[in-house]
Amino acid sequence: MATTTGHTDATELVVSGIGEVLPPADAEREWFDYRTELGPSGYKYVPRSSRYLLGAGKRALADAALAEVPEQRGLDCGVALGSNNCASDLHGVIDRAVLEKGLGGLRPTTAPYFSVNLFLSKLAIEHGLKGFSLALHTPRVAGLESIETGLRAVALGRASWLVLGVTEEPLDPVEPEAASSEDGAVVLVLEPAERVRERGATEYGRVAARGFFLSPTAAADPARAAGHTERLLAGALAALGLPDQGAAGLPVRLVADASPVADALAAALGAQGGRLDRTHAGPGCLGPMTEVARALRDGEECLVVAAGGSGQVTLARIRPTAR
Amino acid sequence: MTGIVVTGTGALSSFGGGTAAFWDAMRERRRTAPTPAEELGPELTPLTLCQMVPDGVVPDQPRRALGLPLGRATRAARQAAAEAAAQAGLVPGAPAGRTAVFFASGVSDAQQVEEWRAGTATPTEGWVPGYATAAVLAEEYGAQAAAGSLSNACAGGAYALAMGADLIRAGDADVVIAGGVEMYSRVTMGSFQRLGAVDPDGCRPFHRLRRGTGQAEGAAAMVLESEESARARGARPLARLVGSGWTCDAHHPTAPDPSGVQIARAMRLALEAAGRTADQVSAVLPHATGTQLSDVTECAALRQVFGPDAAKVPLYSLKALLGHTGGASGALSAVAAVLALEHGQLPPNLPVDDLDPECEVWLPTEPTTPRGRLVMINAFAFGGHNISLLFEGVEQAEGRD
């Protein structure tokens, strides 16, 4: 297939905006003041995870000096957003209303949110971003996956710039591990470096990501785990421009659950010789993206890795611009 | 850049399991009757109707995989994927490193959590991600390149196919198992009803008196691969996926932009990607959900792309027969398109006895042999996700015997 909308070199995209909406320590349930952040009206019935995302998106675009996206520019903006649990709480509310009161118990204002994508696609609607809009839900990795998917789409000519991100909100209490739920949103804006420089916006750095599937069965098999994992890891590192030295010398931040997949990956990453910090992941895919945002802000060259027991693994390579 | 071929298809719907049953039902214009969804409780039936997959078609087992409980949606997806994989000659458990999986669903295995809430099942230990279908399939087929899950609502299945094709185009995989699934969910069913988006007379696309869509269950899968891979494996191409166009309305959460401009742009982008022109399109499988605005908008978009000849392009209105299968619908349309190309025939449409004058379309009610062999499918969704895919038939010598 030929490309569609032109040919922006995906490797030339830099992060020009970062927006985070994350709870303060010991936050109350309603810690995000959406009226102040988003506006006094129009958001009352918008679910929390969408409000977070809209808030992070607004901050990221403002950070990129793109608070108002020109109509023409919106046409070639691709949006890729991830979430594992954005809909859980509201779906619990809808479901209990149906169970207890029947259809009459459902609010027409919340009924459209049966559609999980809608929690995410509001961001493109809010800012007139018409290139494409993807709602990704791959367990644990959907945030980093938004980077990989978005950049692949740019490389194939589907857009020239990107709004990427992730949002989570606490799980419905009926779901296991609800008490350790992730909560918040992170959004990144990626644009061609030349465009960022022309506008005088901040050039945080470059980010790229590559995922793979590590069989949970293989990861749990002592005879296969190491070799299998190291081979897949080497392939992903090569795809990220690290074919020979691998992750050697790069700090690695692994955000993962307690699973054979995560353990096998930690061992393989550890064998690379760099510094490895492993953080326990709560349910969701927010944690790795907060690490990406932090590294870009701090100017730390590193690898951020997300992995989960269902086998999905994604690596993100962060290369900050010297500032 | 590599060409992408379809080497396997699988389908599951109210017609039963398998593409043969799917094709027969389309050819015979056999519409299944919606049945009450008992799970919503007696006070809500018989209004809550759904064209359900018949009992026994979705396998009852396995109930667990990868340490996770396996919901009905994932079991249905496994069934559709197994048919597609078998046709393509993919063997479960065989080494398949450069294989990937992309699967879409509006709500995936939400039914599982709904059972927990209703107290009819007990929650398991540990977090259960709602979208585990792709991982389950990746484990089963030895895929290592990716195992991605997405929603994108009613456009999801078509997006999963296009994203899989992009992975191959980018050189990141050789083979992709992709598709979509949607099974009964109380949250979806109740919400659709509350929105007044369901026509009590069933899904009637382009009918003057249409009042909404009709909900249905379904799953569809395809095996896509590079032409080189198919050749090397000796897999027979059934069709080519020659282009896809993606856009977003960015207009309204649930209503399409009535101008149809972004829908038309998706169609044009698909044509551009394929290096084809509108006059080369043999037939279109429209999104056509039976909702008032959506059908009119799609017709407006078709006119923008096909010009004055739009009403001369034969359409096949699948949802009139099948109902709206949500995240599976785009993938089921894709399977229908490939079957039509294989058989060299567009199935007959259900007659629309009172065509909306604002919907100037041609819906042949007899089997039609289209001019050429390039079929477009459209899929649109809440949230403004638009996508068009173009499938092209292959020479008989390349295709199945």
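Residues 40-175 of chain A are 43% helix and 14% strand, and the C-alpha atoms at the two ends of this stretch lie 33 Å apart. An unreviewed UniProt entry lists residues 40-175 of chain A as "domain: Beta-ketoacyl synthase-like N-terminal". These values, like those that follow, were computed from a predicted model. For the complex, the predictor reports an ipTM of 0.97 and a pTM of 0.97. In chain B the average pLDDT is 94, and 96% of the residues reach a score of at least 70.

Chain B contains 11 helices and 14 strands. Its radius of gyration is 20 Å, close to the 21 Å expected from the globule rule for 401 residues, so chain B is as compact as a globular protein of that length. Along the principal axes, the C-alpha atoms of chain B occupy a box of roughly 60 × 55 × 40 Å. Of the 401 residues in chain B, 66% are buried. Among contacts in chain B with a separation of 6 or more, 80% are between residues 24 or more positions apart.

The two chains meet in a contact to which chain B gives 75 residues and chain A gives 63 residues. On the side of chain B that touches chain A, at least two residues each are supplied by the helices α3 (110-118), α4 (133-141), α5 (156-169), α6 (186-194) and α8 (261-274), and by the strands β8 (146-150) and β11 (239-248). Helix α6(B) provides the largest share of this side, with seven residues. Sorted by class, the side of chain B that touches chain A comprises 39 nonpolar, 26 polar and 10 charged residues.

The largest nonpolar core holds 257 residues. Within this core, the residues touching the most other members are Leu265(A), Leu161(B) and Ala334(B). Helix α11 of chain B, spanning residues 329-343, contributes the largest share of the core, 10 residues. The contacts of Ala334(B) were examined with neighbours within four places in sequence left aside. On that basis, Ala334(B) is in contact with Ala158(B) and Leu161(B), with Ala220(B) and Met222(B), and with Ile377(B), Leu389(B) and Phe391(B). Leu161(B), itself named among the residues that touch the most other core members, is thus one of the contacts of Ala334(B).

Terms used. Residues numbered from 1 in each chain as written. Chains lettered and ligands numbered in written order. Predicted model: local features only at pLDDT ≥ 70, side-chain atom pairs only at ≥ 80, totals over all residues. Contact = placed C-beta atoms within 7 Å. Helix = DSSP H or I, 4+ residues; strand = E, 2+ residues; numbered from the N terminus. Nonpolar A, V, L, I, M, F, W, Y, C, P; charged D, E, K, R; others polar. Core = buried A, V, L, I, M, F, W, Y, C linked by C-beta atoms within 7 Å. Buried ≥ 20, exposed ≤ 12 C-beta atoms within 10 Å, placed from the backbone. UniProt positions renumbered as here; feature names shortened; annotations may be inferred. Rg over C-alpha atoms; globule rule 2.2 N^0.38 Å. pLDDT = per-residue confidence, 0-100.
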